[in-house]
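Subject: Handover of a structure, with notes

Dear colleague,

I am passing on to you the structure shown below, together with some notes on what came out of going through it. Please read the notes with the structure open beside you.

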Amino acid sequence: MIKTLHISNYALISELDIDFAPGFNIITGETGAGKSIILGALSLLLGGRADTKAVRDAARKSVIEAYFDISDASGVEELLRYHQLDASTPECILRREIAPGGRSRAFVNDTPVTLPVLREIAVRLVDIHSQHQNLLLASPEYQLDIIDNLAGTKDLLDDYRRAFAAYRVALKQYKETQELIRRNRDDAEFLQYQYRQLEELNLQPGEHEALEQERDILANVNEIKVTLGEALDPLVNSSVNALTLMSQAVDALEELSATLGKGTDGTDFHAFAERLESARIEVADISDSLVDYDVALAADPARLEEVEDRLGMLYSLELKHHVENSDGLIELRERLAAQIAALDDSEGVLAALEIAAKRAKKIAITLASQLSERRASAAAEFADVLRRTASPLGMQNLRCEISLTRGKLGPDGYDQLQFLFAFNKNQSLMPVGSTASGGEISRLMLAIKTIVAERMHLPSIIFDEVDTGVSGDIAGRMAAMMQAISRSIQVITITHLPGVAAVGSTHFKVYKEDDESATTTRISRLSRAEREAELALMICGNPSDAAALANARALLEKANN
């Protein structure tokens, strides 16, 4: 159940804390006081869309945080462990933060999570029934979701959706390949021409860059030889050159070593001679390599022309095929070869893809059939339970049938589901949107939510003015039903009806306060005397009216008996 709810810097709320109680919690307040703001903040913890306009003070973030007791929440502890979240205590903390710039962050037990993970955990802790869900009752998707919840199809539905996605991929691959083969057949002669042109070139990896380097050398032979001479002259070509001087230095050091051994300060002339000789050998090796390069380098106009012709062909083909170099042309050649090979074996390739698509569809259909069987069983049971649950709410003549027909495979299977109702004996079964009044839909939704909450073992359920459109005895029966639910789970109800408000075990009032600069929403838990005054206000608009106060006391006395 929800233990506490904290809201700060959100819409009309500066700072607000609510300590909810087990059982039946009532929230009342005048229209516009901020009840819907509290509910909107709570819906953010269920993954609702964050609106930056709701940030009260643009200088700081909005925070909505709730503490839940999860000791009786089915599957929540396992879900926390699955997502590697702290599950060491029987408490779960959900938090949502909205920055002034619009960035929204979600946390579970102080660990950052994605919105889907937040939503997956939150929907197992609380269900919010708001007024717009009355309109959702006519939606086939919402109706299917109700039946799936009752049928417990989550794991099977996940398996089906994976299978359906695999089938869609296989079917797409088959169709795309079929179209590609058709186009390739139309272009077969052109493909063959392109492939032969590239094959005859006998392209080599890195050839483009190698040819450009060779061209640059051949085109600048004279300049290169001059520069090589400038390097070789001081090394070996001059009468006094580096190698000669280094040899003389080595001989001198060896002579010193022979004469002095090691110097008086430990200087090792022989070691110096060995090191200098190593350097001389390295310089000699470099010089030999440069001489060999110089000897081999010669002007070759014929080869230069050949290289430039080859590069010209490469440039032309690279521009034509929109690639950067010869490696790109090689990749194109391999792709063309694969396309031509596929044409040669196109019937076999297409047949294999068709078989794979049919196999994937068969798996999806098998899982869809299992889904349909479980839904059909749950739908029949739900229709019967709904009739019995709604009957005390003044709907004794209610007839309910859930139509389940087969359509095309889709993300939820192949079932086309529709709730059909008749509220009077002489009525034909019709879709709920065509036959129900606002009050009847409210009562139906209360009955449906009662069934769903009991079957799914939800710890908390919130009703936002579920009693809209009803009054008198029916309102009393709806209050009694919510009170009965609250004996096993926590119920939080926002209401404008005094008869409903009186039945709650804990009563909160939402109100607004004005100061010189702002209007702020506040909430307070009412004492017995304050409840009497609030009920009197709801009855006649005057919290001090004697008759209304007597009526309020009578309502509270009746609720406590």
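Leaving aside its neighbours within four places in sequence, which residues is Gln490 in contact with? Before the answer, please keep in mind that this is a predicted model.

Gln490 lies in strand E13, and, once the residues within four places in sequence are set aside, Gln490 is in contact with Met1, Ile2, Phe20, Ala21, Gly23, Asn25, Pro459, Ser460 and Ile461. With Ser460 there is also a polar contact from side chain to side chain, at 2.7 Å. Gln490 counts as buried, because its relative accessibility is 2% and the cut-off for that class is under 20%.

Strand E13 (490-494) also appears in the lining of the largest cavity, to which this strand and helix H1 (35-44) each supply at least two residues. A search of the whole structure finds one cavity of 30 Å³ or more, and the volume of the largest cavity is about 60 Å³. Its lining is made up of Phe20, Ile27, Lys35, Ile38, Leu39, Leu42, Ile462, Ile492 and Ile494, and the largest share of that lining, four residues, comes from H1. Sorted by class, the lining of the largest cavity holds eight nonpolar residues, no polar ones and one charged residue. Phe20 is thus named twice in these notes, as one of the residues in contact with Gln490 and as part of the lining of the largest cavity.

Turning to the pockets, the second largest has a volume of about 290 Å³. Its lining consists of 15 residues, and those that lie nearest the centre of this pocket are Gly476, Gly499, Val503, Leu555 and Lys558. Helix H17 (472-485), helix H18 (498-501) and helix H20 (546-560) each supply at least two residues of that lining, with H17 giving the most, namely six residues. By class, the lining of the second largest pocket divides into nine nonpolar, five polar and one charged.

Two single residues may also be of interest. Asn109 is found in the loop between strand E6 (104-108) and strand E7 (111-113), and this residue is buried, with a relative accessible area of 11%. A polar atom of the Asn109 side chain lies 2.6 Å from the backbone oxygen of Asp86. Not counting neighbours within four places in sequence, Asn109 is in contact with Leu80, Asp86, Glu91, Cys92 and Ile93.

Leu304, for its part, lies in helix H12 (residues 301-321) and counts as buried, at 18% relative accessibility. Leaving out residues up to four places away in sequence, Leu304 touches Arg215, Leu218 and Ala219. The C-alpha atoms of Leu304 and Ala219 are separated by 7.1 Å, although the two residues are 85 residues apart along the chain.

Finally, a word on the cysteines. The structure holds zero disulfides. Cys400 is buried, with a relative accessible area of 7%, whereas Cys540 counts as partly exposed because its relative accessibility is 41%, and that class takes in the values between the limits of 20% and 50%.

With best regards

Methods:
Residues are numbered from 1 along each chain as its sequence is written. This is a predicted model: local features need pLDDT of at least 70, side-chain atom pairs count only at pLDDT 80 or more; totals for chains, interfaces and linings use all residues. Side-chain values use heavy atoms; hydrogens and water are left out. Buried means under 20% relative accessible area, exposed over 50%, partly exposed in between (1.4 Å probe, protein chains only). A polar contact is a pair of N or O atoms within 3.5 Å; within protein, one must be able to donate a hydrogen and the other to accept it, and residues adjacent in sequence count only if both atoms are side-chain atoms. Contact means heavy atoms within 4.5 Å. On a 1 Å grid over the protein atoms alone, a cavity is a set of points where a 1.4 Å probe fits but cannot get out, and a pocket is an open set with protein on both sides within 12 Å along at least five of seven lines; lining residues have an atom within 4 Å of a point. Grid points are joined across faces, edges and corners, and a volume is the space filled by probe spheres set on the points. Ala, Val, Leu, Ile, Met, Phe, Trp, Tyr, Cys and Pro count as nonpolar, Asp, Glu, Lys and Arg as charged, and the others, Gly among them, as polar. A disulfide is a pair of cysteine sulfur atoms within 2.5 Å.
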